[in-house]
Amino acid sequence: MLRRLTIPSIMAAMLLTSASAVTTTGAEPEPTDPPIVPLVTYEDPVGDVPGGEGPDFVSCSLSEPWQSLVSFSFEFASDPPLSYDLETMSTAELWVALATDPAAVVPEDATHLLGVHGATLEAEAVTGAALWDASQVEDDPVFWRVVDVEVEGATVTLAVDRKLVGDPDDLHFVGIVSAEGQEVGDFCPDVQELEPGRYQLDG
């Protein structure tokens, strides 16, 4: 999971063994890793879902927590971000389409897909999600349980080792979310107004 790790303070225990009596105040634990700063962030208008129903993006971002990993965060207008209806057995789904060719048009020319569903989101946050070859998405995934999944409030973050998607220098992405049966969902970045997210990764 992409979380800030902390270490406990041991100053109080050390001071108890000292020959002199010293009074101190407890200090906040310091993070061992710096905060993850997105490389690029796109805002998405609330209420732009075709038909006015279904999951709605607020923003999306691409980060590179460390050199071998890329992560995609999607903030939604409501919590929980991906719904699951037990009565109709319908689920909302989030897909991230990736391409490494600078001339590619995403999602049409995507080479890889990361995906999670509302019905399995809680489990995938523990086990991880799958990575698909975009040309064979109807077949079994290329890799099982290689996509790290984190859910925090209305935000879903998916992270994958960049070597599994070809270790690219340039990455093009778009997030697509929809409810089951919805013909057209929401996009982030909005492919109708912007180009898909493009960013040059660190070498």
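This is a short selection-by-selection tour of the model you have open.

**Before you click**

You're looking at a predicted model, in which local features need pLDDT of at least 70, side-chain atom pairs count only at pLDDT 80 or more, and totals for chains, interfaces and linings use all residues. Residues are numbered from 1 along each chain as its sequence is written, and side-chain values use heavy atoms, with hydrogens and water left out.

**The whole chain**

Start with a cartoon view. You'll find 2 helices and 12 strands, where helices (H or I, at least four residues) and strands (E, at least two) are DSSP runs numbered from the N terminus. Along the sequence they run α-β-β-β-β-β-β-α-β-β-β-β-β-β.

Switch to a surface. About 11800 Å² is exposed, with carbon and sulfur atoms supplying 53% of it; the areas come from the Shrake-Rupley method with a 1.4 Å probe, and for residues only the protein chains shown count as cover. Of the 203 residues, 39% count as buried. For the labels used from here on, buried means under 20% relative accessible area, exposed over 50%, and partly exposed in between (1.4 Å probe, protein chains only).

If you draw a contact map, with contact meaning heavy atoms within 4.5 Å, look off the diagonal: among contacts between residues at least 6 apart in sequence, 57% join residues at least 24 apart.

**Asp56**

Select Asp56, in the loop between β1 (40-43) and β2 (57-66). Is Asp56 buried or exposed? Asp56 counts as buried, because its relative accessibility is 11%. Its side chain reaches the backbone nitrogen of Gly47 at 2.5 Å, inside the cut-off for a polar contact (a pair of N or O atoms within 3.5 Å; within protein, one must be able to donate a hydrogen and the other to accept it, and residues adjacent in sequence count only if both atoms are side-chain atoms). Beyond its neighbours within four places in sequence, Asp56 is in contact with several residues, including Asp44, Pro45, Glu75, Phe76 and Asp186.

**The second largest pocket**

Next, show the second largest pocket, with a volume of about 190 Å³. A pocket here is an open set of points on a 1 Å grid over the protein atoms alone, where a 1.4 Å probe fits, with protein on both sides within 12 Å along at least five of seven lines; lining residues have an atom within 4 Å of a point. Grid points are joined across faces, edges and corners, and the volume is the space filled by probe spheres set on the points.

Which residues lie closest to the centre of this pocket? Of the 13 lining residues, they are Glu124, Gly128, Ala129, Ala130 and Trp144. Colour β6 (112-117), α2 (121-127), β7 (129-133) and β8 (143-152), since each supplies at least two residues of the lining. By type, the lining divides into 6 nonpolar, 5 polar and 2 charged residues. Nonpolar covers Ala, Val, Leu, Ile, Met, Phe, Trp, Tyr, Cys and Pro; charged covers Asp, Glu, Lys and Arg; the others, Gly among them, are polar.

**Helix α2 and strand β8**

Stay here and pick Thr127, in helix α2. Thr127 is partly exposed, with a relative accessible area of 36%. A C-alpha to C-alpha distance to Val149 should read 8.3 Å.

Now Val146, in strand β8, which is partly exposed at 27%. Val146 touches Ala129, Leu131, Ala159, Val160 and Leu164, leaving out residues up to four places away in sequence.

**Val165**

Hop to the loop between β9 and β10 for Val165. Val165 counts as buried because its relative accessibility is 3%. Beyond residues up to four places away in sequence, Val165 touches Leu98, Thr100, His112 and Leu131. His112 is 53 residues off in sequence, with a C-alpha separation of 6.9 Å.

**Backbone oddities**

Most residues other than glycine have a negative phi, and most peptide bonds are trans. Arg145, in strand β8, has phi near 55°, and is exposed at 59%. Asp167, in the loop between β9 (155-161) and β10 (170-179), has phi near 50°, and is partly exposed at 40%.

Finish on two cis peptide bonds. One joins Asp79 and Pro80, with omega about 10°; Pro80 is in the loop between β3 (69-76) and β4 (84-85). Another joins Cys188 and Pro189, with omega about -5°; Pro189 is in the loop between β11 (186-188) and β12 (197-200).
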